[in-house]
Structure formats: structure tokens, C-alpha cells
Amino acid sequence: MSSLIDAQLPVTTACVTSMRTAFSYITFNHRFVSKLQAALGLLVILAFGPQPTSAAVTQTWVHGQRNAVGNVNGATSLWAFFTYTNVSRANFTNVAIITFPARDLSLQRRNDTDISLYVGNGLVGKNLFILDPAAASASRKSVGRGATKFVVFSNAQPSEVFFIGVKSEGPQAAMFSIIVISSDRPFSWRDASNNVVATAFPLPTDVPDGTPDHPGVKNLLALVLEPEVTVQRIYVTNSIFHEQAGDLIGILSHTDPIDGGTDAATLNNHRTWNGFDAAVYDDSDQGDLGDATSVPPARTSDGPGTLRDFVGHGAGGVWEYAISDNALFNTGRVEHLTLVIQPASTNADFPVDLSRHIGAGRWLHAAFDVPFSATNVQICVSTDGPVDLYARRGDLPTFALFDKALTNVPQPGVCLEVGLNDSPRLNPGRYYVGVYNSGASPVPMRLFVTVQRNLTPRFDARVVKESVLA
Ligand SMILES: [Ca+2]
């Protein structure tokens, strides 16, 4: 800590966390120490594999923008400042600084917290604390509406110090939590099937006991660093140990970086079990992850909300899992939480390009966005089996609800055209595609979508020549 910073702001050590051989800590530096309702360090020790560490401050404040200010960076009362010192261990080069909404009363409540996150390092970075414009300019920033913000470094040095500023951007004071995670591997990665995988942190997480009026709440976060990926499907592997899991409600939420909309899926909603439970939550209806008899069992999320609500989301950003206990006595912990995201396309030329097998009586869904400039869309299926093709704007198609459909797709394939002369006509927005296998056995198929901007649409690709087995 430099004397410069000490001279500017009071310093209180908010939390110190440790693990067997590495220390990480956030130092809490801002003026509203009395408003600090709770501060706690979160310790992560995994029995196997990488050992990310984290440090966190929960439920802290910045003042609102009440007065006009001369400095573009605002007055110091709008800011909360923190430092984070990376662990001293080599290879912990991945550091993520994440803010998220403080939720202490109701999981469903979302306030209008609007903050920005600035993170600097090096000699210039520390001057962020005196709101030096050059330091603010040189900082990595995460701006935009809402309280969930993140900045990532992939080249952090051992014991490197990061200077963190959280700025209120709204007229009211903002309440937020902040966590810093350091890891020796990236926060998201690809598996052998090219799926995006992200494990939440911290793990394990004890869920505090609570009451209906004062639930015990913990937030786990997973960070996906794949700005180009659109979600075709997400499934979640989750294991929880609890003495009475009927006390619990666990909600996965994500704000779509494309359109800013937030969706949430309630994985476990006061469902009862005692002891250890591990499951794969899958709402896709693709049916390829097993069933209730599998190990671990595959099950649908309890709701409200479903993992299908994330179809079409940009995959990137912070995925939040909030778990709460609202019944007195009996406690437990989240042992594991991993997200697997299947991309809608592996081909930059098509917003959707999937080659899959669809089980008998099963659906495959995908989504894509139609820009204002689009003139027509081609939704193409190649298949060697009996499938039906549905398209719908704004929501997943069903047998009864769709904008356009083609049953008994002729083999080896066809393109469904949606254009400006259709009824309903092509409109900007998110379109959902469903392919249904009406046969009695699995069929291989390829689904791909092209969005055209031509004044004179090309129809030459209407019939797909290639065989999916070619
Ligand atoms: Ca309880």
C-alpha cells in the first residue's frame, strides 16, 4: 500500500483469506466504512485439480450521483476503492474482479443498482484512487447498466496489486458485492466436444441457515469468456449436501450480453432430499444425457424458469447461482456446480450450424438474432430421417405455436425461407428454431441458418443437396 493511497482514504482491512500455501486479500479502502454491513473472506480449497482462491466483500455501498460534478470521473463519494493483491504462487495468472448485486432479503428482488467497475495496475493504476484521469483512462473498465460487472486479467503476476474502483452511475446509492478470484487456469474452457465449460466459485460453499424473513443466501459465480458464442443449450452439473434440502431454493441467472435481458432458471425449488445429491439439470429435451436412473441422474430444473430460457443468449459474462435456505435448522453446502454450454454454431459464416443426432420423439432447439437490415432468412436442415422444422420469433416453437413450419422435411434436406413477404413477415429480433424427430429411432441431421441482407434474396440454396452422412 503506497503512502499516496493511505493519505487519500481511510484504510480498513475488510477480509483476509488464506489457503494452505497462498494468501489473497482485498483491502477495503473507501469512506463509508460504517456502511459496511458484512465483510467476509471466502476460501476455496478443492481436493482435486486447480485450486482457485478468492476474496470477497459483500453488501457494500457507493453514494448516488446527487450533484453535478466538474470532474468527468465524479467526486470521491461516488466511488468505493479496493486493492487486491494476487496470490504469491506462480501460475495464478488468471484474475477476475467481479461485482454483482447484493441480495440479502429476496432472491427475486432486483434493484436498480447501476455501477461501473474500473481496475488498474502498475504505477499508473494506483492513481485511480485519486481519480487521476490518466489512471482512469488506462484502467480496464466494465460499464453499462446493472450491478454485474467484471474485468479479467490473464497475465497477472505473483503478488501483483490491482487497484479497483467501483463508481455509482445512478442517482441513488448503490449496493453491491465484490469478489476477486485468482486461478491457475482460465475461468472457462472448451471440452473435447468443443463445448464451453465453466465451474462456479467458490466451491464448496456453505449455505447459512435462515428463516422466511431472513433467508441465508450465498452467491456462486461462473465466468464465461467466450464473447462470440451463442448458447444453443446449457446444462448444469450440481451437487449439494444438505440435512434437509427442502429448505433450499437455487436459481441460476444470466444477463444476455446481446440484448441486456436477464433470465433465470430455478434448479432446485424446495425439493426434498436428505444428504448428498448430484444431478445434471437439462431442460433441452434432447434426451442424450440419460434419465432419472443415470449416474448422476439427469433431471429438468424445478422452475420457475428453465434452462431453455438461455437459448440464444450470448454465452459470455457472469453466470450467477444464488442459493438460499429459508427454514430454520438444518444446513448444508454446495459441493459442485459446473455449466456446459453448447455453442449454436462452430462456423462464423452461420449464426446456427449444428450437426447432431436427435433422439426419437425429441427436439433440438437453437436461436439466432435477425438484425433490422435483414431481408430474408434461410433455415436449412439436412437429414436422413423423418424430421419436422419449426421457426418462431420471440419464443421457442411448439407443435401449436410457430410462425412457419415444414413437416416431413424431404430428404436429404430443405431450407425454410422466412422473408419480408411472409405472414408473419420477417421482423428484427430473436428467432427460435425447433427440429423434431417424428420417427422411431435417432436421426443424424445438420441444422444451419443464413441471414441475408440482399435486396434480391437468393433462393438457390433452398434445397440442400448434401447428405448429412456425406
Ligand atoms: Ca435450514
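The exercises below go through a predicted model of one protein, each with a worked solution.

Local features are given at pLDDT of at least 70 and side-chain atom pairs at pLDDT 80 or more, while totals for chains, interfaces and linings use all residues. Residues are numbered from 1 along each chain as its sequence is written.

**Exercise 1. Overall make-up**

State how many helices and strands the protein has, and what share of its residues is buried.

Solution. Begin with the terms: helices (H or I, at least four residues) and strands (E, at least two) are DSSP runs, numbered from the N terminus. The protein has three helices and 29 strands. Next, a residue is buried if 20 or more other C-beta atoms lie within 10 Å of its own, exposed if 12 or fewer, and partly exposed in between, with C-beta atoms placed from the backbone. Of the 470 residues, 48% are buried. Last, two residues are in contact if their C-beta atoms, placed from the backbone, lie within 7 Å. Among contacts between residues at least 6 apart in sequence, 76% join residues at least 24 apart.

**Exercise 2. The sheet with β23**

Find the strand order of the open sheet that contains β23, and say which strands stand at its edges.

Solution. Two strands pair if DSSP finds at least two bridges between them. The order is β23-β28-β25-β26, with antiparallel pairing. β23 (363-370) and β26 (404-406) each have a single partner strand, so one side of each lacks a neighbour in the sheet. From one strand to the next the twist averages 15 degrees, where axes are lines fitted to C-alpha atoms and angles run from 0 to 180 degrees between N-to-C directions. Eight bridges hold the antiparallel pair of β23 and β28 (residues 429-437). One bridge partner pair is F368 and Y431, the latter in β28.

**Exercise 3. The sheet with β22**

Give the order and the edge strands of the open sheet that contains β22.

Solution. Four strands are arranged as β22-β29-β24-β27, and their pairing is antiparallel. The edges are β22 (352-358) and β27 (413-419), each pairing on one side only. Neighbouring strands are turned by 15 degrees against each other on average, direction ignored. Within this sheet, β24 (residues 376-383) and β27 run antiparallel and are joined by seven bridges. V381 stands opposite V414 of β27.

**Exercise 4. Strand β6**

Determine which residues of β6 point one way and which the other, and with which strands β6 pairs.

Solution. In a regular strand the side chains alternate between the two faces of the sheet. I115, L117, V119 and N121 point one way from β6, S116, Y118 and G120 the other way, and all are buried. That agrees with the count for β6 (residues 115-121), where seven of seven residues are buried. An antiparallel pairing of seven bridges joins β6 to β9 (residues 161-168), with I115 opposite S168. Three bridges join β6 to β7 (residues 140-142), also antiparallel, and Y118 has K141 as its bridge partner there.

**Exercise 5. Backbone details in loops**

Locate the cis peptide bonds at P202 and P204 and the positive phi angles of N194 and D285.

Solution. Cis bonds join F201 to P202 and L203 to P204, with omega about -10 degrees in each. P202 is in the loop between β12 (196-199) and β13 (205-207), and P204 lies in that loop too. N194, not a glycine, has phi of about 70 degrees; this residue is in the loop between β11 (189-190) and β12. N194 is exposed, because 9 other C-beta atoms lie within 10 Å. D285, also not a glycine, has phi of about 65 degrees and sits in the loop between β18 (275-281) and β19 (298-299). D285 counts as partly exposed, because there are 18 C-beta neighbours inside 10 Å.
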